[in-house]
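Me: I have a model open and would like to learn how to read its helices and its core. Could you take me through them?

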Amino acid sequence: IADRREGIGVCGWILVSLSFLLVLITFPISIWACVKVIREYERAVVFRLGRILPKKAKGPGMILILPCTDTFIKVDLRMVTCKIPPQEILTKDAVTAQVDGVVHYRIHSAISAIANVSDVHSATLLLAQTTLRNILGTQSLAQLLAGCEEIACSIQAMLDSATEQWGVKVARVEIKDVRIPVAMQRAMAAEAEAARETRAKIVAAEGEMNASRALKQASTVLAESPAGLQLRYLQTLTTLAAKNNSTIVFPLPMNMLGNLGQKSKG
């Protein structure tokens, strides 16, 4: 509609001429009805006899409107922040979740926003809701929780391509909150706790294995030096005496223990 360039016809030009003549006759009183002020962040889409003027939207500043033949609609070009209501979705792994978000957009073509859609703000909001549900329905819960930024970028790209003919530019889409049922939260917490316990047991088992290897190497070194074993006994005795003075430890040589074992077998 915004690209049409047909004229208004002979009758239309006659009416426009009469309207302009009326402005001249009633000047300067008519100037108050003809001059309109458009703010810096606004644009005016002017209709002449029901047709949009072929040039771009008027403004900012003062514009001239002919009485009886011209009407205009103001369009706000500022950034609009639209909150997407919570949408109940079913993820790819059959988990029910409620997701809400925020869409930031602005109108870059006032003529397209007026001529191509009846209510550009309502249409953009409804399209954002359906796009959010469609995209999140193809993601699993883990992907939804971990990849919010990538999902928001894909939603923005789809919205921007769909609203281009409406004269709307989608600047940013953000996923605000993801809510899952309480039972699912408890199940995820139990799963995370079990995973932490599993990792703790694995770390403890690896520590025992490393300790046993170190003890094996130490026993090999001590077996090569019997005097070192006696020194180790004395060091242990010193440590015990410093911690608990009431305990008395008498170290026995290992060869004596070995002889006692051989006698018991005999």
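**Reading a helix, then the core**

Reply: Happy to! This is a predicted model. Let's start with helix H1, whose buried residues are Gly-12, Val-16, Ser-19 and Val-23.

Me: Why do the buried residues of H1 line one face of the helix?

Reply: Look down the axis of H1: the buried residues fall within an arc of 60 degrees, so they share one face. On the other side of H1 you will find Val-10, Cys-11, Leu-24 and Ile-25, which are exposed.

Me: What do the buried residues of H1 pack against?

Reply: They pack against helix H2 (31–34) and strand S2.

Me: How far apart are the end C-alpha atoms of H1?

Reply: They are 24 Å apart; at 1.5 Å a residue, the 17 residues of H1 (9–25) should span 24 Å, so the two agree.

Me: Now the core. What is the general idea?

Reply: In soluble globular proteins, nonpolar side chains tend to be buried together. Here, the largest nonpolar core has 36 residues, and Val-45, Val-103, Leu-136, Ile-151, Ile-155 and Leu-159 have the most contacts inside it. Elements giving two or more residues to this core include S2 (42–48), helix H4 (120–136), helix H6 (148–163) and strand S8 (168–179). H4 gives the most, with 6 residues. At least three residues come from each of domain 1 (10–76) and domain 2 (79–184).

Me: Which residues does Ile-155 touch, not counting those up to four places away in sequence?

Reply: Ile-155 touches Thr-131, Leu-132, Ile-135 and Val-173. Apart from the largest core lies another, of 6 residues, among them Ile-38, Ala-44, Ile-63 and Ile-65.

Note on methods: Residues numbered from 1 in each chain as written. Predicted model: local features only at pLDDT ≥ 70, side-chain atom pairs only at ≥ 80, totals over all residues. Heavy atoms only, no water. Core = buried A, V, L, I, M, F, W, Y, C linked by side-chain atoms within 4.5 Å. Buried < 20%, exposed > 50% of the residue type's maximum accessible area, 1.4 Å probe, protein only. Helix = DSSP H or I, 4+ residues; strand = E, 2+ residues; numbered from the N terminus. Domains from an automatic or database assignment. Contact = heavy atoms within 4.5 Å. Expected span 1.5 Å × (residues − 1). Arc of directions from axis to C-beta.
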